[in-house]
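User: Hey, got a minute to go through the helix packing and the voids in this one with me?
Analyst: Sure, put it up and fire away.

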Amino acid sequence: MGSIGGLPPLAPSPRILFIDAYDSFSNNIIGMLRQCLDADVVAVHIDNVHMASNLEETLRGFDAVVVGPGPGHPGDPEDVGFIDRLWDLSNNDILPVLGICLGFQSLCLHHGATVDKLQQARHGIVSTPTWLRRDIFQGIEHLETTQYHSLRADIGSPEFYDAETWWEPTGTCPNLRPLAWDLSDSINGPILMSVRHTAKPFWGVQFHPESICTSPSGRDLVSNWWREAKQWSKLNRRVVRKSIVADSVEFKEPTVGVAASDANGHTRSHFASQLRSIAGSQDPFLRWGRHASAPITPTDLVESLGLNRSDMILLDSQGHTRGRYSILGLINPGKTMMVTYKVNDKTLRYGLSSTQMHAVPVESIEEVWPMLQEALDLHDPRPNGSSRVSTPGQEMEHTGLDQFVAGHLPAGSPFWGGFMGYITYEAGLETIPVPLHQEACTPGGGAPDINFAFIHRSIVIDHQEEQVFIQSLLPGDWPWVLSVGRTVDDMKNCLEVRKSIRSHGDKPSLSVMEEARLTSALVNADTRRPAESEYRAKVLACQDLLAAGDSYELCLTDETEIRVPTASGLDPWLLYKRLRSNNPAPFGAYLHLPDVTVVGSSPELFLKWDREGRCQFRPIKGTVKKGPDMTRERAHEILSSSKERAENLMIVDLIRHDLCGAVGPDNSWVSQLMVVEEYEAVYQLVSVIEGQLPPSGDGPRGGLDILKVSLPPGSMTGAPKKRSCEILGEIERRPRGLYSGVLGYMDVGGSGSFSVVIRTAIRQNEVHDHDGRETQQAAHPNGRTHANNNLSGATERAGNDSDLNGAAGQYETWRVGAGGAVTIQSTDDGEFQEMETKASSVLGALFSATRSL
């Protein structure tokens, strides 16, 4: 390459092969290589068949290789794939290699070391190693490193009495020269942290230079490695053949089963065409009004409008100090299209009623996402979108309000219409992919795994600004917009006249009559909670696998069943009102769809994105229950412990991996790291990871690009995500369903928000006979023995369903999931108590007037 304007020629970008051992931090390493080295990085998995069969030839197209971390043992062929072949390359094929964690252990094992379990694993542990300032550590003055390993590479103990021998090859491994040790671990003793091969261009580090808690010198170390690698290649006159096609990963574009053409000749899915036709022949308009309001609650609004509880979806900030918006989506019979997908039969279904559903077989969930995005794009009212906003014009006499000015959009409203609903944990498993539990694979059974309603009519309450947005994408719908506006105005006037305006933080309670109805319905409920001995045994099983190196963290869960006689007439709406009153959280939800009912008060945001492409994750890991003896200072002390911070750190690095894979390393960052936040019943440790979607075409890409690659939520799986989910499936022995999934909305204007489904009671809309047989939809047996722990004052039962029969001999089942992140520092008793604490935050709120925990 020649010089430009007298400047020295630019060095070509290095071409680096990254070998991915199915780890959940890989994208962070790839991003670091691109940022630090301006590298062109190509990633392949350890089991890539094409790479394995053409390894030597393909490597000639690369400047160097980085072998990433991963679960398992370096001596297990299934865990390392073709990695071992790198260490035996002939002199003609050899090239510089950097091994990280598993890659480091593989390098050491292949050259004479033993790799065994640590006495105590180092997962999410930050420490300062000891190193000599030479080779890849040259010039590094300060280095804190993050460790994620259960195993240690033993090259033979140096002589303890002579410090110089720490830095010389041992008789056991004469070809490996130590570069760094961790001498701070009083339990495990000295741990080798870095080596270099004495003759070949092979380096390795046990720690993770890419972690958010590794100091910036970790990146300097990677730059130093590349300097050493270039020097070796120059001295050995290695020539890289850039013409070799390096990317051996096959990619197949998803296809849509049924398609049609629009007026412009563009291919359009049948689903999108049917949805678009609801608005008639004209472009869909966004009609809206904005009204100042007193701090009305969404539950008051629902009741003032006289809404049928079966015809709505409510996302409710529940008066929580960290909440701002509440969104009410109305299901309009004959106009609202439902769209569902089940992992067990790979079928997308959509239609205006349960009797008018189209069924489209698809190859995988990957075919569903583009159809959802297409439907949103067809209703986008922004200037470059397919829809547009309208004024009242000829449709009505009322004109002149600034909110009706042509082209003026309600920028203060985060939702203008679009999809509202949920995505289950099992739908997320399919994206990884991870085999499903056998119950989730039963054809035709269970609730959908993707379940959305396309909302044309919506009401958004901005509690901070005390205003209400009333919006419709339906043609000629001004009468509805104005009618709801009058109701909002009446509510405001009524509150002002009574001088009983509640502040945003107040918690409205049920009326005396409602309390009596709810208490009467719940008094005979049979509550079956997880058995302590079984749960603690599962915690210990998780820790055995953590110690073996199969995972860094496992988010173990279980569920409580609440069986309610159908004769009791339990009203889910009253159940929801009690929950939001007693345990408010910023991501409450009341959802009633044909297959499922949800009553929730989740504190955890999974992902949100705005119309400019800015996105945010807020994982919660680390929980302390409030109580008379739990001061805020004491909670901070507990949540600052190594155990709690390690839990949170591992999930932060996992989410960084997910996000970096979607937006790139330059467009993602951590804006809040491990900060204690206070909620109604608990203190929790919260981090914030943010990103910016790069522009695509006329504007930012949709947040759906991030959503689909981030499922299931990392805070509910552990890391590495794929292996952790496989392990959890074997230990939990049940599908999680909606619990651990996500619930929220995708807006036609380009924004979206989903919470993690925790602190939530879920009813699959089925009714069982007293012997467990379903009388409507498929049963959801869990196949496990529960402890019959009663909730405060209820008659304790031994699973005798005859007590539940009532007049009809039938019952409905509500489920409340709960769990926690099991780490190597966990105790089985502590994890059981944490699971109980989380479950009780919901159960105690639901049964507060009936029983006391």
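User: Which hand does the crossing of α1 and α6 have?
Analyst: The α1/α6 crossing is right-handed. Bear in mind that this is a predicted model.

User: OK, and at what angle do α1 and α6 pack?
Analyst: About 70 degrees, with the axes 10 Å apart. An angle from 65 to 115 degrees counts as roughly perpendicular, so that is how α1 sits relative to α6.

User: Which residues make that contact?
Analyst: From α1 you've got Met 32, Leu 33, Gln 35, Cys 36 and Leu 37. On the α6 side there are Arg 219, Val 222, Ser 223, Trp 225 and Trp 226. By class, that contact of α1 with α6 splits into seven nonpolar, two polar and one charged.

User: Now α1 and α16. How are they placed?
Analyst: Their axes come within 7 Å and cross at roughly 60 degrees. α1 and α16 are therefore oblique to each other. The crossing of α1 past α16 is left-handed.

User: And what's touching there?
Analyst: Ser 26, Asn 27, Asn 28 and Gly 31 of α1 meet Asp 653, Arg 656, His 657, Cys 660 and Gly 661 of α16. The class split for α1 with α16 is one nonpolar, six polar and two charged.

User: What about α13 and α18, at what angle do they cross?
Analyst: Roughly 150 degrees, with the axes coming within 11 Å. Over 145 degrees counts as roughly antiparallel, so α13 gets that label relative to α18. α13 passes α18 in a right-handed crossing.

User: Who's in that contact?
Analyst: α13 brings Lys 538, Ala 541, Cys 542 and Leu 545, while α18 brings Ile 727, Ile 731 and Glu 732. Those residues of α13 and α18 comprise five nonpolar, no polar and two charged.

User: Switching to voids. How much space is in the second largest pocket?
Analyst: About 940 Å³. Its lining has 40 residues, and those nearest the centre are Tyr 325, Pro 414, Lys 608, Tyr 745 and Ser 753.

User: Which element gives the most to that lining?
Analyst: β37, with four residues. Others that give two or more include β14, β15 and β36.

User: How does the lining of that second largest pocket divide by class?
Analyst: 18 nonpolar, 11 polar and 11 charged.

User: And enclosed space: how many cavities of 30 Å³ or more are there?
Analyst: The structure holds 10 of them. The largest cavity has about 160 Å³ of space. Of the 20 residues lining the largest cavity, Lys 621, Met 716, Ile 758, Arg 759 and Lys 838 lie nearest its centre.

User: Which elements give two or more residues to the largest cavity's lining?
Analyst: Three strands, β25, β30 and β41, plus helix α19. Eight nonpolar, seven polar and five charged residues make up that lining.

User: What about the second largest cavity, how much space lies in it?
Analyst: About 90 Å³. Among the residues lining the second largest cavity are Asn 583, Pro 584, Ala 585, Tyr 679, Glu 680, Arg 759 and Ser 841.

User: Hang on, which linings is Arg 759 in?
Analyst: Arg 759 lines the largest cavity, and it is also in the lining of the second largest cavity.

User: Got it. And the class split for the second largest cavity, what is it?
Analyst: Six nonpolar, four polar and two charged.

Terms used. Residues numbered from 1 in each chain as written. Predicted model: local features only at pLDDT ≥ 70, side-chain atom pairs only at ≥ 80, totals over all residues. Heavy atoms only, no water. Axes fitted to C-alpha atoms, helices over the stretch in contact; angles between N-to-C directions. Parallel < 35°, antiparallel > 145°, perpendicular 65-115°, else oblique. Left-handed = near helix turned anticlockwise from the far one by under 90°. Contact = heavy atoms within 4.5 Å. Nonpolar A, V, L, I, M, F, W, Y, C, P; charged D, E, K, R; others polar. 1 Å grid on protein atoms, 1.4 Å probe; cavity = no way out; pocket = protein on both sides within 12 Å on 5 of 7 lines; lining within 4 Å. Points joined across faces, edges and corners; volume = space filled by probe spheres on them.
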